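Reader: Please take one part of this model and walk me through it closely. I would like to know what it packs against and how far I can trust it.

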Amino acid sequence: MSFVILASVTVIAALGLLFARKPVHAALSLAVVMVGLAMIYATLEAPFLFAVQIVVYTGAILMLFLFVIMLVGVDTSDTLKETIAGQKVLATLLGVGLGAILIAGIGQASIATMRGLSSANEGGNVQRLADLLFSRYVIAFEATSALLITAAIGAMVLAHRERIDPKQSQTDLAQKRVADYAKSGKHLGPLPPPGTFARHNSNDTPALLPDGSQSTESVPAILAGGRADEEAKGE
Amino acid sequence: MTDNTTAYVILSAILFTIGTIGVLTRRNAIVVFMCVELMLNAANLALVAFSRMHGNLDGQVTAFFVMVVAAAEVVVGLAIIMTIFRTRNTASVDEPRMLKW
């Protein structure tokens with residue numbers, strides 16, 4: 001009974017991954033899948049993997065996904081134009097075909113019923129796993145440490161950006177501003193904040209100028225871009 | 001708690017299929033990545049179920065290694081997505097067609 005409930009929740013949440021329009025919603029439904037799978041692991045006598053699934057997957061990996069979604073922009077939904085004609089339909093058909101073949105194959109195969117882990121888990125699941133990990137699988141375990149270090153360094157190299165020109169100090173910026181004012185009469189003071197005199201005060205609402213027109217300078221470029229893209233798509 | 005291994009393996013196959021369809025149809029690189037994670041998790045579920053079927057813990061150890069590799073893969077993959085977004089200002093898998101920028 002618990003399996004039926006957990007399995008249906010997991011599958012429905014996984015389908016949410018397919019149909020969610022915004023990446024944040026997809027990430028949240030993936031979180032439900034992960035927690036559901038963790039509970040299934042608990043029913044399968046794998047308490048260590050139950051904890052690791054929640055700590056590593058829902059705790060670390062999904063939060064990393066959410067961080068990147070926030071950095072890349074929450075509003076980047078899927079582009080609607082198809083690069084290859086009929087790709088979505090064909091891909092869905094092939095995917096469903098793969099699923100049908102898998103399920104039919106598993107249905108045909110005679111898979112033994114579960115023997116249970118009560119003897120293998122004797123003395124504690126974590127202790128028995130540690131015995132295996134540090135004896136038979138110790139080479140693989142050491143290799144994963146090399147893999148993790150490589151991945152961390154790789155991410156740092158990829159995310160690193162070399163500074164080409166020297167950092168501008170506050171003095172440089174002030175002098176540049178005054179020079180601009182002397183040359184072209186550009187306003188010396190700070191830019192108008194978003195939402196000034198507008199109906200909303202959210203960050204992507206442009207400030208209104210005294211004549212009622214919108215000030216493009218008041219909205220950060222990345223937010224203005226996202227809003228403009230959505231309006232172009234007719235939302 | 002059911003002792004029927006087939007049910008777990010079929011659930012794993014369904015999740016894997018959903019992940020495959022997601023990878024093939026979604027355009028946002030981050031969502032494609034999440035679907036890859038779903039496929040890895042489906043494989044893990046099969047491993048844990050088979051571990052209980054055979055009555056030994058090798059499957060659970062393998063599932064643990066899969067999790068480690070998945071974590072490393074996510075770190076590098078998301079860093080690549082961030083780099084592509086910084087240079088091309090898009091997170092769509094259709095836009096980057098060159099191998100360099």
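Author: Start with a definition. Two residues are in contact if their C-beta atoms, placed from the backbone, lie within 7 Å. The model is predicted.

Take L38(B) as the part to look at. Not counting residues up to four places away in sequence, L38(B) touches A14(A), L17(A), L30(A), V33(A), L15(B), I18(B), G19(B) and G22(B). L38(B) also belongs to the largest nonpolar core, which has 68 residues. Within that core, I30(B), M34(B), L38(B) and L45(B) touch the most other members. Both chains feed the core: α1, α2, α3 and α6 (138–159) of chain A and α1, α2 and α3 of chain B each supply at least two residues. α2(B) gives the largest share, 16 residues.

Now cross to chain A. Two of the contacts of L38(B) are A14(A) and L17(A). Both are buried residues of α1(A), as are A7(A), T10(A) and A13(A). These buried residues lie on the same side of α1(A), because they cover an arc of only 135 degrees around the axis. What covers them includes α2 (23–43) of chain A, along with α1 and α2 of chain B. The face turned away from the buried side carries the exposed residues V4(A), I5(A), S8(A) and F19(A). The helix length checks out too. At 1.5 Å a residue, the 18 residues of α1(A), residues 2–19, should span 26 Å, and the end C-alpha atoms are 26 Å apart, which agrees.

Next, the whole interface. Here 62 residues of chain B are in contact with 71 residues of chain A. On the chain B side, α1 (5–25), α2 (29–54) and α3 (58–88) are the elements that give two or more residues. α3(B) gives the most, with 20 residues. By class, this side has 40 nonpolar, 16 polar and six charged residues.

One backbone detail in chain A deserves a look. E45(A) sits in the loop between α2 and α3 (47–72) of chain A. Phi of E45(A) is near 60 degrees, a positive value in a residue other than glycine. Most residues other than glycine have a negative phi. E45(A) counts as buried, because it has 21 C-beta neighbours inside 10 Å.

Last, trust. Chain A has a mean pLDDT of 84, and 89% of its residues reach 70 or more. Over residues 227–235 of chain A, pLDDT stays under 50. For that stretch the model has four contacts beyond four places in sequence. Where pLDDT is low, the predicted coordinates should not be read in detail.

Key:
Residues numbered from 1 in each chain as written. Chains lettered and ligands numbered in written order. Predicted model: local features only at pLDDT ≥ 70, side-chain atom pairs only at ≥ 80, totals over all residues. Helix = DSSP H or I, 4+ residues; strand = E, 2+ residues; numbered from the N terminus. Nonpolar A, V, L, I, M, F, W, Y, C, P; charged D, E, K, R; others polar. Expected span 1.5 Å × (residues − 1). Buried ≥ 20, exposed ≤ 12 C-beta atoms within 10 Å, placed from the backbone. Arc of directions from axis to C-beta. pLDDT = per-residue confidence, 0-100. Core = buried A, V, L, I, M, F, W, Y, C linked by C-beta atoms within 7 Å.
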